[in-house]
Amino acid sequence: FSTVLPGPPLDPMPKLGAIEVLCLGLPMVWLCLKFVSDRMRKAQAISLKDRVVWITGASSGIGEALAVCAARHGARLVLSARQAKELERVAESTGLPPDRLLVLPMDMAQPEQFEANTLTVLQRFKRVDVLINNAGISQRSSFDATSEGTMRRVMEVN
């Protein structure tokens, strides 16, 4: 900034005493807290009761934990992943009766399956309220040792 202003130089940061900072700071903190609490009070929690929740990557990890949690909150579940045996294990751990649960093995790297799988879910539950795209794969190797096909598959699935 090269413009010279007339008069004495301005102190960019005025010196404030502790009382002044307290008087300026507390109202600001109060306003921020009030704003946040008002917003939270107005926000309505989304109930999962009787909602159809489709979770991909549901055979382990975060997907499995989400399935168990959604089941506890009354959701109807569609569980998808490549490993059917693991999906069955997760389905059992949810404690849901068969009419509230659909195990639908699928590979996210095969998009030609998507339409048929979606129709299966819609036939069973008539809708999907929540879709959690949790499926993912990884490759543990150095960049130069990873084939282009492997890189492409990781990017397409994730």
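**A tour from L122 to the salt bridges**

Select L122: at 34% relative accessibility, this residue counts as partly exposed (buried is under 20% relative accessible area, exposed over 50%, partly exposed in between, with a 1.4 Å probe and protein chains only). This is a predicted model, where local features need pLDDT of at least 70, side-chain atom pairs count only at pLDDT 80 or more, and totals for chains, interfaces and linings use all residues. Residues are numbered from 1 along each chain as its sequence is written, and side-chain values use heavy atoms, with hydrogens and water left out.

L122 sits in helix 4, residues 114-125. Helices (H or I, at least four residues) and strands (E, at least two) are DSSP runs, numbered from the N terminus.

**Helix 3**

Next, select residues 84-94, which form helix 3. Colour L87, V90, A91 and T94: these are buried. Look down the axis. The buried residues fall within an arc of 105°, so they line one face of the helix (the arc is that of the directions from the helix axis to the C-beta atoms). What do they pack against? Show helix 2, strand 2 (76-80) and strand 3 (101-103) to see the partners. Now turn to the other side of helix 3, where K85 and E92 are exposed. Step past the helix end to G95, whose phi is positive, near 75°.

**The loop at S59**

Go to S59, in the loop between strand 1 (52-56) and helix 2 (61-72). Is S59 buried or exposed? It is buried, with a relative accessible area of 11%. Leave aside neighbours within four places in sequence. S59 then contacts E64, A81, Q83, E86, L87, R89 and V90 (contact means heavy atoms within 4.5 Å).

**Salt bridges**

The whole structure holds five salt bridges (a side-chain nitrogen of Lys or Arg within 4 Å of a carboxyl oxygen of Asp or Glu). Select R89 and E64: their side chains meet in one, at 2.9 Å, N to O. R89 lies in helix 3 and E64 in helix 2, so the pair ties together parts that are 25 residues apart in sequence. R89 is partly exposed, at 37% relative accessibility.

Now select D50 with K49; their side chains form a salt bridge at 4.0 Å, N to O. K49 is exposed, at 58% relative accessible area. Add R100, whose side chain meets that of D50 at 3.1 Å, N to O. R100 lies in the loop between helix 3 and strand 3, and D50 in the loop between helix 1 (18-42) and strand 1, so this pair links parts 50 residues apart in sequence.
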